[in-house]
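Colleague: I don't need the whole tour today. Could you pick one chain and take me through it slowly, with the cut-offs spelled out as you go?

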Amino acid sequence: MKHIQNIGLGLFLTGLAIFISLIFLGKYEVSSQLFDEIVTNKGVKSELFINDLKANVVGKKFSNPFTFSSKITSALKTANETHKQNNEWNKVIWSKPHSFAYEIAKSAGSGPIKENKGLFWWLTFGLGIIGALLFIIPQVITLGSAGIKNNGIFHNAATNRGWIGWFAFIFLVGFYILLYFRPDYIVNWVYLVDPISESLSGNPASQWFLYGFLYCVVMTVMAVRMYIKYRHNKYQVLRTTSVLFFQIVFAFLIPEILVRFEKPWYDFKNAFPLDYDFFFKWNLDELIASGGFGLFILIWGIILTLVIVPVMVYFFGKRWYCSWVCGCGGLAETLGDPYRQLSDKSVKTWKLERWLVHGVLVFALVMTSFTLYAYFSGADAVLGIKTQTIQDIYGFLIGSIFAGVIGTGFYPIFGNRVWCRFGCPLAAYMGIVQRFKSRFRITTNGGQCISCGNCSTYCEQGIDVRAYAQKGENIVRASCVGCGICSAVCPRGVLKLENGPEKGRINPTDILLGNDVNLMDLVNQK
Amino acid sequence: MEHIVIIGNGISGVTTARHIRKLSNKKITIVSAETDYFFSRTALMYIYMGHMKFEHTQPYENWFWKKNRIELKKGYVKSIETKSKTLHFAEGDSLQYDKLVIATGSKPNKFGWPGQDLDGVMGMYHKQDLENLEKHAPDNKTCKRAVIVGGGLIGIELAEMLHSRHIPVTFLVRESSFWNGVLPAGESSMINKEILNNGIDLRLSTNLKEIVSDENRKVKSVIIEETGEEIACNVVGLTAGVSPNINFLKDSEIEIGRGVKVNRFLETNIPDVYAIGDCAEQHEPIGQRRPIEAVWYTGRMMGETVAQTICNNRIEYKPGHWFNSAKFIDIEYQTYGWVFGERGRPDYEKHFHWMHPNNNKCITVAYHKDTNLFLGINTFGIRMRHEFFDKILTEKQTVAYVLEHLADANFDPEFYKLYENEIINQFNKENNTNIKLKKKSWKRIFSV
């Protein structure tokens, strides 16, 4: 078994190494014909930019994406600067430099990868998937019989912030930085999934398609790990299946198929304010322009946030979304599961969490109200602040840095729910409902708790579950995503996630069940 | 300001301190020689197994004590002078108290085996035991085999710990089946199987004769009493029960038996001196409980109670219905009320036993053979609701009532397969009854 796992690890690492090395392969060459096309398609009016590129890029061969990209981005920046100085606003190119460079690179690239997409898919994704599965599946035997098997987690460099964890951290952060801010460096990765994208939506892949596909692949492979690790626990098995289903079908397949039928790309489960650009002008315009179906999406999005989300939280707690439906939650519960014990449990962090997560919610709401005000009034600024500026700041700070780079990149350091705990505005919104108006709680089983601390250690949201359990008190916390692991790891059967009457849900006690009845009454009823 | 000194920073002592603080402004000092801060002893095993780090076993953050004005003193109490109300420490200093709570817990039993103090012989109770184990058994290269002596809850935990690091374990159990002084035969044999399935060399009806030393006073092997067989090993775990940790009281005026003798108010023979937790011994057993109860929650309850007494609300220690829980490798165990094994079972106690054919799940219900009064339940691999059984036992319900309401009692995670119908069908068949399962009712569950 160990041999199979080592072979798997070897294949996985080979696939990963090839994947990373792809960045440095291939050639980029813009023919004058291609360049004319781009100028026409993009409506570029800046002769400065056109001449600069004609002199420095067109007809030249570049052997890596970095110089290629820097030529284009610097040309774009210099041209824009001059135009802005001269007030030639119609000549300014408003695209982000690296996105612009990405689009040129995507068509200008050539070389072995573009010519052998299938082969390289197998050498990267293929080896990665097969290797990972060869590593994971033998755990059916190596972990021993079904049950909680957390042996060695805090002795392992991968799961205890050791060198493997730090490498994973660097890789993930690097990946997200490339994805969000340097897409022009990763066109070779995007080529790999072109065939899949074409078969779904009919279009070649974008970096977002790559991300969506990779997301599904990673979740699926790591879901296999969840199925093995928690095979004795039906709650975990069903929950994992559910997030996997919603990710693959709702977040990946349906939107791509919608595009094939010339409908707007839309993820039906992605609720505002997590879906923070739902009310942005471009989205509203696109939805309204796509007729009845667009209108349906618009109404569905509003009902989802205002009715479905709170009603479901009332009946089931926010877990129905965070641990059963959500894509961010889905990744956290599959790829992130090995890191759940790294979340910080201190009261200090809890305070920070409340400021941050509610701060982001307020930010999202203010931004949206500004946007809607601007939309209906036709103004482009509210209180002297351009809505575009506030949207850009949110998109950069929250949408990219917080949700992506920190939210996922920091899994190996701060645990797997960094985004959900500190940043997600939807989680903040549902948390308020869960705390004050819900039937959900984690019931503490009388006096059975022995304060061992497994529950707190494995709470990905950093809730000090034990602090409640050892007092015989139910756990009712805004941040609880109902993953159910505290209940699973409890050696004494103390915790149960359940939905019941609101009365008695929050039950602070001073004396626990099992002690003298009179004493319990005396002390607890004070 | 009255000064309350508590010796021992385990669950009993810390609960006492917390409750005194809630009720009063008294000065509180907790003395411990073991650790700076309270930690959960029950979680020591998880540190060795790598499930947790030591810091995770500390239920309160380090600022908690200062914030609640609970002073922590690290020191080993050598003797107590009750006349002058003074504690003398091994370190040479001393401390005055107005009221004293002795909560020093237990220490592992040693029955005078030859070699029991060799290097590599240890209990599994104190933090120091864990450090010792980490030193002698870090992996299966350093420790080629470990022998565990004593088949109780700590013994099986230690076996599981060593097994988690792939260290071969021989487990010597004096009884003919694991823990059968407490568990009925069917359950005990299920645990035997669980132990064997984990590759642990379980030796039933086997006693230790001696531990053999090598030239460096380190463990070399053990010799079995019955067969004279010599088993080479590097570590010997002594887990044949625990007894009160009260040697330091021998020369004091405080009355001791096996533990510190206390009355129902947890008072010793000396005024203003109390004893709680594992080290306290009741003059008369309470109900069917033992005079010394080394259980986590009884320590906590005694702490809750004695805090009231110290804060001028003198109250008797009246533990409610018996309950407990444990985990035998992968099998969770809970018990509510009294279910006796073969030993000490009253004649009126009748058992109904249901076992899943292949899933390591079973229950035993004990009831009165004449009145059908429900006496207690053991469950393995099925979680039950404490409040449900506490209420049933108070209301003195019958076995039929309990079976009818099993759905209310179940505490397994959502979506788990439930076996209530199978259980009831078997009972009906065996007893010619016609009990029907009632649907789970939140109203009943929460009308406690």
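Modeller: Sure, here's a close look at chain A, taken piece by piece.

A bit of housekeeping before that. This is a predicted model, so local features are used at pLDDT of at least 70 and side-chain atom pairs only at pLDDT 80 or more, while totals for chains, interfaces and linings use all residues. Residues are numbered from 1 along each chain as its sequence is written, and chains are lettered from A and ligands numbered from 1 in the order in which they are written.

Let's start with helix 1 of chain A, residues 2–21. (Helices are DSSP runs of H or I with at least four residues, strands are runs of E with at least two, and both are numbered from the N terminus.) Helix 1 has 20 residues and reaches 28 Å from its first C-alpha to its last, close to the expected 28 Å. That expectation is 1.5 Å times one less than the number of residues. Look at who is covered: A:Leu11, A:Phe12, A:Gly15 and A:Phe19 are buried. (Buried means 20 or more other C-beta atoms within 10 Å of the residue's own, exposed means 12 or fewer, and partly exposed is anything in between, with C-beta atoms placed from the backbone.) Those four sit on the same side of helix 1 because they cover an arc of only 100° around the axis, the arc being that of the directions from the helix axis to the C-beta atoms. That fits the usual picture: an α-helix has 3.6 residues a turn, so residues three or four places apart point the same way. On the other side of helix 1, A:Lys2, A:His3, A:Asn6, A:Ala17 and A:Ser21 are exposed. What does the covering? Helix 7 of chain A (117–136) is included in what covers the buried residues of helix 1.

Now the annotated spans. From an unreviewed UniProt entry comes the label "transmembrane region" for residues 7–26, 119–141, 162–181, 208–228, 240–259, 287–316, 355–376 and 396–414 of chain A. (The positions are given in the numbering used here, feature names are shortened, and such annotations may be inferred rather than shown by experiment.) Two of these stretches show what the model does there. Residues 162–181 are 95% helix and 0% strand, with end C-alpha atoms 28 Å apart. Residues 208–228 are 100% helix and 0% strand, and their end C-alpha atoms lie 30 Å apart.

There's a little sheet too. Three strands of chain A make an open sheet in the order 2-1-3, with antiparallel pairing. (Two strands pair if DSSP finds at least two bridges between them.) The edges are strand 2 (61–62) and strand 3 (109–110), each pairing on one side only. Strand 1 (residues 27–29) is joined to strand 2 by two bridges, and these two run antiparallel. If you want a landmark, A:Glu29 stands opposite A:Lys61 in strand 2.

Next, some backbone oddities. Most residues other than glycine have a negative phi, and most peptide bonds are trans. A:Arg161, though, has a positive phi, near 55°. A:Arg161 is in the loop between helix 8 (139–142) and helix 9 (163–181), and A:Arg161 is partly exposed because 16 other C-beta atoms lie within 10 Å. A:Glu262 also has a positive phi, near 60°, and lies in the loop between helix 13 and helix 14. A:Glu262 counts as exposed because it has 9 C-beta neighbours inside 10 Å. A:Pro273 is in the loop between helix 13 and helix 14 (281–289) as well, and the peptide bond joining A:Phe272 and A:Pro273 is cis, with omega about 5°.

Last, the partner. The contact takes 46 residues from chain A and 44 residues from chain B. (Two residues are in contact if their C-beta atoms, placed from the backbone, lie within 7 Å.) On chain A, helix 13 (234–260), helix 23 (454–457), strand 7 (495–499) and helix 26 (517–524) each supply at least two residues of the side that touches chain B. That side divides into 14 nonpolar, 25 polar and seven charged residues. (Here Ala, Val, Leu, Ile, Met, Phe, Trp, Tyr, Cys and Pro count as nonpolar, Asp, Glu, Lys and Arg as charged, and the others, Gly among them, as polar.)
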